[in-house]
Amino acid sequence: MKKGLFICLMLAVAGAYAQTKKNGGSIASRTIPFDDRWLFIKDSISDAEQVSYDDHKWRKVDLPHDWSIEDLPNQKPGEIIGPFDKNAVGSSPTGFTDGGTGWYRKRFVLGKESQDKLVSIDFDGVYMNSDVWLNGHHLGNHPYGYTPFYYDLTAYLNPAGQENLLAVRVRNVGKTSRWYSGSGIYRHVWLTVTNPVRVAPWGVYITTGSVSKNNAAIAVKSAISNKQNEQNGFNLVTTVIDPQSHTATQVQKKLVLQRDTTITDSQTINIPHPVLWSVENPHLYKAITEVKRGDKIVDRVETSFGIRTVHVDVAGGLTLNGKRVLLKGGCMHHDDGPLGSAAVDRAEERKIELLKQNGFNAIRTSHNPPSRQLLDACDRLGMLVIDEAFDCWERGKNPEDYHLYFDKWWKKDLDAMLLRDRNHPSVIFWSIGNEVNERADSSGLRITGQLAAEVHRLDPTRPVTEAICHFWDHPGYKWDTTARAYAKLDVGGYNYQLNEYENDHQKYPERIMMGTESYPMAALENWNMVEKHPYILGDFVWTAVDYIGEASIGHTTVDSTHKNRFFLGWPWYDAWCGDIDLIGNKKPQSWYRDVVWRNRPIAMAVRKTIPKGMVENVSGWGWPNESQSWTWPGMDGQQMIVRVFSRAPLVRLLLNGKVIGEQKIDAGSITAVFELAYQPGRLTAENIENGKATGTIVFTTAGAPKRILLKADRVNIKNSRNDMSYVMVSVVDDKNQLVPCAEIPVHFAISGAGKLAAVGNANPTDLASFQSPERKTFEGKCLAIVRPKGKAGKIVLKASAEGLVPAMITINTR
């Protein structure tokens with residue numbers, strides 16, 4: 001190891017635990033990020049856990065890290081392109097990406113301040129089947145790729161000032177997933193140093209009791225562990241900070257501790273004039289939990305929480321703070337598009353921002369616990385969450401998936417999710433499973449009862465649900481076979497069972513329901529049910545955002561047959577079923593959903609007519625091949641189909657100021673269909689109400705590609721590696737109007753205080769590197785993701801393409 005790097009690591013870790021004066025006492029900084037300066041190799045080597053192993057040729061990486069999104073070696077046109085391998089074990093379900101075995105190693109030195117302390121390593125998520133060693137000692141194995149876990153390092157640490165070696169082996173081998181999982185230490189890692197008397201991991205639990213305008217009673221349970229002989233003289237102090245950063249209240253009490261035990265102490269705290277957390281106004285409080293001995297702070301933990309009441313029943317539906325909320329929901333997998341599964345904070349936050357901007361107020365974390373950073377974003381931005389635990393139980397869906405570990409690990413993994421996530425005000429449901437094979441069998445009913453009981457034990461404040469589908473995997477089973485499973489749940493999750501809602505309500509009038517998955521093209525019918533019946537809490541479309549894997553399930557084809565395949569195979573890598581595409585733009589179904597949800601008065605879509613003798617095959621998760629464009633080069637005089645979406649009784653269509661026609665919209669529909677010959681110009685759709693034009697939408701034909709336009713979601717960002725700027729790249733004409741048919745390679749050059757983290761477009765079949773400084777536009781757009789290097793300064797991104805005026809943008813880091 002190089003001497004300079006050794007000194008740097010020693011200063012970074014030892015310095016992080018330097019004593020700091022705080023509130024009249026001294027306390028070490030408790031937890032620090034442990035993400036940088038890891039060494040990595042993708043290889044199934046042995047003995048890499050040994051301190052003496054030679055790793056000087058390994059690659060340096062920072063976490064979070066996903067090796068499956070990186071370019072593969074031995075690139076071969078048509079077979080191995082970027083991270084995609086035509087012969088990948090996972091094939092279409094994992095988007096033709098590879099897993100395998102990888103190793104990570106990190107050296108670190110603790111200073112004298114860590115002596116007589118407890119030291120732990122905390123992993124937010126490793127996919128999957130990880131083994132961890134410290135200085136050659138095996139700390140443990142953790143199979144599940146989506147739950148956090150930690151190990152106590154104390155017994156195996158070298159004395160202060162001496163180097164320690166942490167090694168992690170990750171095995172994503174075989175068919176482990178039905179979607180793109182990514183591979184590696186893809187979430188954050190933390191190092192925690194505490195005194196022997198401390199707040200236990202995930203040891204603070206805050207719930208809201210009675211709430212009025214004048215007061216909120218909150219209950220705070222704090223788990224305090226003691227690993228030393230001293231038992232007396234300790235106090236528990238809890239301080240509540242309001243959303244304006246003022247102290248709202250403070251309470252304290254004496255602790256009675258015993259050696260090698262953990263006690264749970266309860267405090268009831270009254271908060272005057274509470275500010276409530278809601279979707280519209282997500283106000284957050286902070287609880288500071290301190291263990292003190294005299295004036296000395298022995299341990300200190302901060303917990304964010306929100307004050308809100310949630311209630312569900314058949315008659316009133318879901319109420320948040322006494323107000324009914326209809327769940328405008330979307331399911332979402334955990335990947336971040338061009339970044340793969342690497343859970344960089346800003347990437348997680350941006351997903352939630354995009355969904356809020358497009359009308360969603362709820363997500364379902366299909367089919368696993370999400371990152372903490374995603375839930376933090378939901379708390380800050382006001383997004384409700386179904387927090388889901390498992391995709392399978394004892395019976396697997398793939399040979400090497402979680403079913404191999406369920407019997408031994410379900411309680412540990414479920415507890416990890418519950419204990420970590422139960423203070424998030426955004427989380428309003430716990431889901432214990434998705435479309436599990438044994439959902440209505442005797443074994444499944446046993447497991448349902450066990451899981452639900454464990455959830456209620458650790459968090460009795462939230463309802464338990466499970467996503468249940470029809471019995472495609474059990475021919476002969478009738479839908480009513482689900483009754484015993486639903487009886488064990490607080491809220492019944494219905495996957496694609498729109499036609500069963502009203503029937504089931506007649507048979508089981510006390511059952512509360514929600515659509516935990518639904519088809520995009522059934523958006524209106526599902527939403528009509530939600531608006532009509534309070535016992536149906538909401539609807540969650542599959543999916544809110546496009547994702548890698550389950551490649552092509554949202555496809556649409558035009559051919560001479562009526563056959564519709566589930567997977568179309570290579571070169572599809574993207575599911576293509578999201579309302580939002582892989583780089584963050586609206587797709588046609590999102591515009592339709594805007595009208596369904598009454599968020600937009602009118603929307604419009606255009607498509608070519610289907611040739612005679614041909615048939616359009618739209619998959620269950622697909623959408624007709626239409627776009628929000630009136631730019632169709634070479635189509636002059638050919639017939640086009642225009643669909644107008646509106647809740648007005650009458651709509652009018654105009655082309656270049658001339659009325660093409662008017663149509664009444666039938667009851668139960670929001671769609672009017674027009675057919676007309678294409679000619680360039682201005683296509684306008686209008687709502688007509690009481691004889692007057694109200695809502696209007698206009699498409700204008702774009703000219704020839706002229707220049708590149710760069711637009712960043714933010715031009716001022718933090719210098720942290722956890723922040724990023726998403727730069728949307730558009731090919732525009734001489735009037736700066738998007739040219740939606742442009743598919744042009746764009747080249748990037750970056751300089752200054754940042755680097756190009758990834759590039760991408762929304763084309764579900766465009767296999768290419770996400771890390772090369774070049775990407776072809778799709779529907780006129782592609783994306784460049786800029787990430788700081790960790791220092792303040794300016795980042796300059798330049799984009800160029802043959803025949804186009806180039807563009808430049810400056811991102812400021814601070």
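# Report on a predicted structure

Just after helix H3, Gly382 adopts a positive phi of about 85°. The structure described here is a predicted model.

## Helix H3 and the loop before it

Helix H3 covers residues 372-381, and its buried residues are Gln373, Leu374, Leu375, Ala377, Cys378 and Asp379. An α-helix has 3.6 residues a turn, so residues three or four places apart point the same way. The loop between strand E26 (362-365) and H3 contains His367. A cis peptide bond, with omega of about -15°, connects Ser366 to His367.

His334 belongs to another loop, which runs between strand E25 (327-332) and H2. Is His334 buried or exposed? His334 has a relative accessible area of 8% and is therefore buried, since buried means under 20%. Although His334 and Asn368 are 34 residues apart along the chain, their C-alpha atoms are separated by 8.4 Å.

## Cavities

The structure contains 3 cavities of 30 Å³ or more. The largest cavity holds about 180 Å³ of space. Its lining is made of 18 residues, of which Tyr127, Tyr144, Thr176, Asp401 and Tyr402 are the closest to the centre. By class, this lining consists of 8 nonpolar, 5 polar and 5 charged residues.

The second largest cavity encloses about 150 Å³. Among its 17 lining residues, those closest to the centre are Asp336, Arg350, Lys351, Val545 and Leu582. Helix H2 (residues 345-357) supplies the largest share of this lining, with 4 residues. The lining of the second largest cavity comprises 9 nonpolar, 2 polar and 6 charged residues.

Tyr127, one of the residues closest to the centre of the largest cavity, also takes part in a cis peptide bond. This bond joins Tyr127 and Met128, and its omega is about -15°. Met128 is placed in the loop between strand E9 (118-123) and E10.

## Salt bridges

How many salt bridges does the structure hold? There are 51 salt bridges in the structure. Three of the pairs are set out below.

| Pair | N to O distance |
|---|---|
| Arg107 and Asp55 | 3.0 Å |
| Arg169 and Asp131 | 3.2 Å |
| Arg511 and Asp504 | 3.2 Å |

The side chains of Arg107 and Asp55 meet in a salt bridge. Arg107 is in strand E8 (residues 100-109) and Asp55 in the loop between strand E4 (38-42) and strand E5 (59-61), so this pair ties together parts that are 52 residues apart in sequence. Both partners are under the 20% limit for buried residues: Arg107 has a relative accessible area of 15%, and Asp55 has a relative accessibility of 6%.

Arg169 and Asp131 also form a salt bridge through their side chains. Their pairing links distant parts of the chain, with Arg169 in strand E13 (residues 163-172) and Asp131 in strand E10 (residues 130-134), 38 residues apart. Asp131 is buried, because its relative accessible area is 5%.

In the salt bridge between Arg511 and Asp504, Arg511 is buried at 10% relative accessibility, and Asp504 is buried at 0%. Elsewhere, salt bridges that share partners unite Arg346, Glu349, Glu353, Arg380 and Asp713 in one network.

## Positive phi angles outside glycine

Two residues other than glycine are described here for their backbone angle. Trp202 is not a glycine, yet it has a positive phi of about 55°. Trp202 is part of strand E15 (residues 197-211). Its relative accessible area is 27%, so Trp202 is partly exposed.

Ser552, likewise not a glycine, has a positive phi of about 85°. The location of Ser552 is the loop between strand E32 (536-541) and strand E33 (556-559). Ser552 counts as buried because its relative accessibility is 0%.

## Partly exposed loop residues

Val558, Ile610 and Met614 make a nonpolar surface patch of about 210 Å². Ile610 sits in the loop between strand E34 (602-608) and strand E35 (615-618). With 34% relative accessibility, Ile610 counts as partly exposed.

Gln737 occupies the loop between strand E44 (725-732) and strand E45 (745-752). Why does Gln737 count as partly exposed? The reason is its relative accessibility of 24%, because partly exposed residues are those between the 20% and 50% limits. Gln737 and Leu709, which are 28 residues apart in sequence, are 9.6 Å apart in space from C-alpha to C-alpha.

Definitions and conventions. Residues numbered from 1 in each chain as written. Predicted model: local features only at pLDDT ≥ 70, side-chain atom pairs only at ≥ 80, totals over all residues. Heavy atoms only, no water. Buried < 20%, exposed > 50% of the residue type's maximum accessible area, 1.4 Å probe, protein only. Helix = DSSP H or I, 4+ residues; strand = E, 2+ residues; numbered from the N terminus. Patch = residues over 30% accessible without salt bridge, like charges linked within 9 Å, V, L, I, M, F, W, Y side chains within 5 Å. Areas by Shrake-Rupley, 256 points an atom, 1.4 Å probe, with all protein chains shown as cover. Salt bridge = Lys/Arg side-chain N within 4 Å of Asp/Glu carboxyl O. 1 Å grid on protein atoms, 1.4 Å probe; cavity = no way out; pocket = protein on both sides within 12 Å on 5 of 7 lines; lining within 4 Å. Points joined across faces, edges and corners; volume = space filled by probe spheres on them. Nonpolar A, V, L, I, M, F, W, Y, C, P; charged D, E, K, R; others polar.
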